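Subject: Structure for you to look through

Dear colleague,

I am passing on a structure that I would like you to open beside this message. Please look it over at your own pace, and then read on for what was found in it.

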Amino acid sequence: MRTIHVCSLALLLTLITPAPSHAKVGSVWVDPGIKLGYTLGQGFTWGIELSTVFFPDTSASNKRLLRDMSRIWGVVLNIDHVWDGLTKIRLGGEWIGPGVGLEGGPTVIFDDAGTHLGIGLTPWFGFYTMPFYTYTFAFGRKNLHEAGTYLKVFKCVDVVPGACGDGDTNTSDLD
């Protein structure tokens, strides 16, 4: 029952928090976060996630804005631990649209039965609090279903001068 309350609170926070406002085309963002969730049949799950997101370097034409938004992508590292001793590590890629995303990639699963390989797929939505569902197809063990929320911060890295906004280096969205 607590899981339902936590997920409901995360959904509410997602709906009332604004999107990062400093995102400019041609910028690179490093987005660390924590993960809180529940894995069916396993228990409470917690972990960390680190993503690096690349905004395309395109023209400022409004006609191309929607197409440009669909070309945002990233690289993601997830490390999860379930209270019963199961640990998952996934290194994958993600596509990001306005307030939604899809992340997936190969997964290594460690549990009492040994080490297993799998493929995880995670749709999510939101900005600072991001509810998600992860399905992990596991080879040699039962597949995993996980739901929860990411709690993230966003940090622009000024790889291209001025890409992070007003010319400041390392402008954080939380400033």
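In this model, which is a predicted one, the largest nonpolar core is made up of 13 residues, and those with the most contacts inside it are Trp29, Val53, Phe55, Ile72, Ile96 and Trp124. Another core, of five residues, lies apart from the largest one, and it includes Val82, Leu86, Ala138 and Leu144.

As for the chain as a whole, it has two helices and nine strands, and when you follow it from the N terminus on, its elements run in the order α-β-β-α-β-β-β-β-β-β-β. The chain has 175 residues, of which 41% count as buried, while the surface that it exposes comes to about 9,300 Å², with carbon and sulfur atoms supplying 71% of that area. If you take the contacts between residues at least 6 apart in sequence, you will find that 48% of them join residues at least 24 apart.

One residue that you might select and examine is Asn78, which lies in strand β3, a strand that covers residues 72-82. Asn78 counts as buried because its relative accessible area is 1%, and buried here means under 20%. The side chain of Asn78 is joined to that of Glu103 by a polar contact of 3.2 Å. Leaving aside neighbours within four places in sequence, Asn78 is in contact with Glu103 and also with Lys35, Ile48, Glu49, Lys88, Ile89, Arg90 and Tyr150.

With best wishes

Definitions and conventions
Residues numbered from 1 in each chain as written. Predicted model: local features only at pLDDT ≥ 70, side-chain atom pairs only at ≥ 80, totals over all residues. Heavy atoms only, no water. Helix = DSSP H or I, 4+ residues; strand = E, 2+ residues; numbered from the N terminus. Buried < 20%, exposed > 50% of the residue type's maximum accessible area, 1.4 Å probe, protein only. Contact = heavy atoms within 4.5 Å. Areas by Shrake-Rupley, 256 points an atom, 1.4 Å probe, with all protein chains shown as cover. Core = buried A, V, L, I, M, F, W, Y, C linked by side-chain atoms within 4.5 Å. Polar contact = N/O pair within 3.5 Å; in protein donor to acceptor, adjacent residues only side chain to side chain.
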